[in-house]
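Hi,

Here is the structure I promised to pass on to you. Have a look at it first, and then read my notes below.

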Amino acid sequence: MGGESTTRTAPRGGVKQGPAGSRTGQRLSGLAVALGMVLFLGGFAWGAVVYRPYTVPTSSMAPTIGVGDRVLAERIDGSDVRRGDVVVFKDTAWANAPMVKRVVAVGGDTVSCCQEGKLTVNGKEIDEPYLPAGTPAEIMDFQTVNVPEGRLFLLGDERDNSVDSTAHLTDAARGTVSSGAVDARVDAVVWPMNGMLERPTGFRALGGLSSPGPLTPVLALVIAGAVLILGGAAYGPVAKRAAASRAGRTAEPADGR
């Protein structure tokens, strides 16, 4: 007696396969990608509106900000500047390019240096931990400057190598800069990734310090969006591989008798 063949043949034209995974899974993955795009693009748009990138060309703010470092600066109005802020400003009496310095006194303050190597603002000695270790607040003393209303007194953190207010004390404005010249306040050093700038507590006794900008929630939106996009996009390939693995385990082997 002849044997019967049990070999199965696939239909001509092959088996048509739809999208892998359940219909609910496909819908959820599409929703995740769509929501991720909204968060990702929204975070970038928010950041572009609020922040401006700058490259610092000199070492006058070292060690806080090094030469060539890239920073993100929050766009602010000059009236929002607080003591201790690191700001980006442009004053044609100083240079024809944006400059980055630290605000140590605002309108109505008196500032002088140095007593016991420290800067004095409104009669209070200011602790400045951001200065290079072991260096005085200034290499040369200067007499008391009364900062007019609406103006700022600014210094670089590398005091012996910074062209700042002390270099313009003989000017008509006694080294002060209009608060309206400020374009932005530096929030973070992004390259190298040194992170958010600390608010200097040495100025706290003279008034409120500024608050950090929304960089953290902006980054959270971008990261969350990227995770949702990648997770949603990965659902199809993962479901397809899982289905293929299940099919391989349950398939009947072809044999002949």
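β5 (110–115) and β6 (118–121) pair in the antiparallel sense over 4 bridges; strands are DSSP runs of E with at least two residues, numbered from the N terminus, and two of them pair if DSSP finds at least two bridges between them. S112 stands opposite T120 in β6. The two strands form a hairpin with 2 residues between them, and E116 in the turn has a positive phi of about 55 degrees. β5 is also joined to β8 by 3 bridges, again antiparallel, with V145 in β8 as the bridge partner of V111.

A word on the source: this is a predicted model, where local features need pLDDT of at least 70, side-chain atom pairs count only at pLDDT 80 or more, and totals for chains, interfaces and linings use all residues. Residues are numbered from 1 along each chain as its sequence is written, and side-chain values use heavy atoms, leaving out hydrogens and water.

Now for the largest nonpolar core, a set of buried (under 20% relative accessible area, 1.4 Å probe, protein chains only) Ala, Val, Leu, Ile, Met, Phe, Trp, Tyr and Cys residues joined through side-chain atoms within 4.5 Å. This core has 20 residues, and V111, L119, V121, F142, F153 and F203 touch the most other members. β5 gives the most to this core, with 3 residues. Not counting residues up to four places away in sequence, L119 has contacts (heavy atoms within 4.5 Å) that include V104, V111, F142 and L155.

Enjoy exploring!

Definitions and conventions. Buried means under 20% relative accessible area, exposed over 50%, partly exposed in between (1.4 Å probe, protein chains only).
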